[in-house]
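Please open the structure in your viewer and keep the selection tool at hand. The tour proceeds from one selection to the next and describes what is found at each stop.

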Amino acid sequence: MSVLNHAQQRAVAELLRVSPVADELGRRFADSGHELHLVGGSVRDALLGTLGDDLDFCTDARPEQTLAVVSGWADAIWETGREFGTIGIQKNGLRIEITTYRAEAYDGVTRNPVVSYGTSLTDDLSRRDFTINAMAVSVPGHEFTDPFGGLRDLAARVIRTPAAPSISFGDDPLRMLRAARFAAKLQFTVDPPVVAAMRDMAADLDRITAERIRDEFTKLMCGTDPLAGLRLLVDTGLADRFLPEISGLKLEIDEHAQHKDVYEHTLIVVSNAMRLEGDESPDFVLRMAALMHDIGKPATKAVGRDGRVSFHHHEVVGARLTKQRMKAMKYPKDVTAEVVGLVALHLRFYGYGRGEWTDSAVRRYVTDAGPLLDRLHKLTRSDVTTRNRRKANQLATDYDALEDRIARIAAEEDLAKVRPDLDGNAIMELLGVPPGPIVGQAWRHLKELRLDRGPLDRDEAEAELLKWARAQGY
């Protein structure tokens with residue numbers, strides 16, 4: 001047991017003040033002859049002052065004994081984790097997981113543990129991923145247990161493993177990705193021996209399912225400092241196991257800024273995008289689009305006779321590669337479609353400042369972006385990383401002008417719902433045709449007119465439809 005200083009005592013007291021359920025639950029276990037400890041991330045977050053509504057406990061009680069203790073007391077009970085010794089409950093708005101002490105062994109092929117119940121709190125803590133997650137507070141006794149120096153590492157803001165890193169990562173390679181995720185979330189430094197093990201054992205990540213990697217990576221990207229996590233993934237070679245396109249950007253020179261490669265430019269764009277998130281923070285779609293927006297450059301790199309580097313149509317190639325990568329990582333189709341859409345559109349703005357855009361071009365910009373327009377504004381502004389202050393100011397001014405123009409046109413027209421001035425029923429009635437391909441072709445023709453010329457009155461729309469039908473021989 002560690003002796004708490006006054007600050008730590010206040011932190012534990014605050015935890016139990018906001019969660020009186022913990023003591024009540026602890027007394028129920030004690031009355032049944034069992035131990036109960038708040039454990040892991042819940043203790044860490046309590047000491048950091050960031051405790052949420054999800055609480056983790058461990059106990060010497062077996063799952064069936066835990067069920068007997070909480071039955072009739074919990075507001076709800078779920079047993080989906082019972083196979084791994086975990087019983088979930090809900091009480092007074094808190095989500096609580098209670099797990100039997102474990103003494104696990106891993107098969108060395110997958111990350112799935114062969115669950116063996118233990119009897120010792122210290123042995124249970126020794127199997128956890130990092131020392132900052134290997135602390136416990138008993139309830140209702142409030143005794144603090146810290147056998148691996150987690151409190152010291154929390155104060156030093158360092159991520160270490162309770163056992164040797166090679167043992168910890170050999171048991172569960174996903175912990176390597178979790179180290180990067182915690183570096184991003186907590187802005188902690190990863191201990192050098194841990195980094196070395198991540199580099200040496202990166203290939204072991206191949207044992208982990210795509211879904212598990214996706215979930216950890218998403219949490220990393222939504223962390224306070226995803227750049228720290230991303231750098232760690234690239235530097236250790238972990239990124240090469242599931243997102244090699246990011247490491248590949250290190251080799252390419254950005255035509256907009258010859259002083260740095262596309263990899264550094266990309267990290268700056270992610271940082272810029274985060275500053276523009278506003279109330280949507282953290283916005284995974286925007287951050288992921290910022291990360292992926294230039295991954296088409298390696299495949300499109302060309303050097304002209306004047307020595308200038310170009311990446312023509314890299315947004316098209318990048319959108320395709322982004323779709324492939326996110327599909328491989330098992331992201332939902334709607335999330336993938338949004339990120340891919342932003343990557344495909346991120347260059348559309350360039351050229352606006354030359355004064356070549358008509359109102360029709362602005363309508364198409366808004367229509368093509370659809371519900372992604374606000375994010376596209378942020379991504380496009382984030383993509384300006386040039387050190388040339390005059391150029392940066394000009395691009396910002398040009399985009400201000402575009403947004404003002406969009407607002408002006410939107411005030412006159414409903415740009416969010418640009419549709420033909422005649423619907424399908426009106427088209428069928430005027431042309432005397434049944435539902436079918438002709439109606440769709442006519443509808444698309446009228447939508448193109450709507451984008452080019454803005455709203456048409458009824459007579460104009462009908463005249464244009466009949467003109468088109470005659471030209472088509474209908």
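A residue is called exposed when its relative accessible area is over 50%, and buried when that area is under 20%; partly exposed residues fall in between. The model on display is a predicted one.

**First stop: a charged patch.** Select Lys 323, Lys 327, Lys 330 and Lys 333, which together form a positive patch on the surface. Then keep Lys 333 alone: this residue belongs to helix H18, which covers residues 333-345. Lys 333 has a relative accessibility of 78% and therefore counts as exposed.

**Second stop: the sheet.** Display the strands next. Seven of them make up an open sheet with mixed pairing, in the order S3-S4-S5-S2-S1-S8-S9. At the edges are strand S3 (76-78) and strand S9 (144-145), each of which pairs on one side only. In general, the strands of a sheet pair through backbone hydrogen bonds, in either a parallel or an antiparallel sense. Now select residues 54-59, strand S2, and residues 94-100, strand S5; the two pair in the parallel sense over six bridges. Within this pair, Asp 54 stands opposite Arg 95 of S5.

**Third stop: salt bridges.** The whole structure contains 23 salt bridges. Begin with Arg 178 and Glu 216, whose closest N and O atoms are 3.4 Å apart. Arg 178 is in helix H8 (residues 174-186) and Glu 216 is in helix H10 (residues 210-221), so this salt bridge ties together parts 38 residues apart in sequence. Is Glu 216 buried or exposed? Its relative accessible area is 5%, so Glu 216 is buried. Add Asp 129 and Arg 181 to the selection: with Arg 178 and Glu 216, they are linked in a network of salt bridges.

Move on to Arg 348 and Asp 368, a salt bridge in which the closest N and O atoms are 3.1 Å apart. Arg 348 lies in the loop between H18 and helix H19 (359-369), while Asp 368 lies in helix H19, so the pair joins parts that are 20 residues apart in sequence. Both residues count as partly exposed, Arg 348 at 30% relative accessibility and Asp 368 at 45%.

**Last stop: a bridge inside one helix.** Select Asp 374 and Lys 378, whose side chains meet in a salt bridge of 3.3 Å, N to O. What separates Asp 374 and Lys 378 along helix H20? The two are four residues apart in this helix (residues 373-382), which means about one helical turn. Asp 374 is partly exposed, at 44% relative accessibility, whereas Lys 378 is buried, with a relative accessible area of 13%.

Note on methods
Residues are numbered from 1 along each chain as its sequence is written. This is a predicted model: local features need pLDDT of at least 70, side-chain atom pairs count only at pLDDT 80 or more; totals for chains, interfaces and linings use all residues. Side-chain values use heavy atoms; hydrogens and water are left out. Patches are made of residues with over 30% relative accessible area and no salt bridge: like charges are joined within 9 Å, nonpolar side chains (Val, Leu, Ile, Met, Phe, Trp, Tyr) within 5 Å. Accessible areas come from the Shrake-Rupley method with a 1.4 Å probe; for residues, only the protein chains shown count as cover. A salt bridge is a side-chain nitrogen of Lys or Arg within 4 Å of a carboxyl oxygen of Asp or Glu. Lys and Arg count as positive and Asp and Glu as negative; His and the chain ends are not counted. The place of a charge is taken as NZ of Lys, CZ of Arg, CG of Asp or CD of Glu. Buried means under 20% relative accessible area, exposed over 50%, partly exposed in between (1.4 Å probe, protein chains only). Two strands pair if DSSP finds at least two bridges between them.
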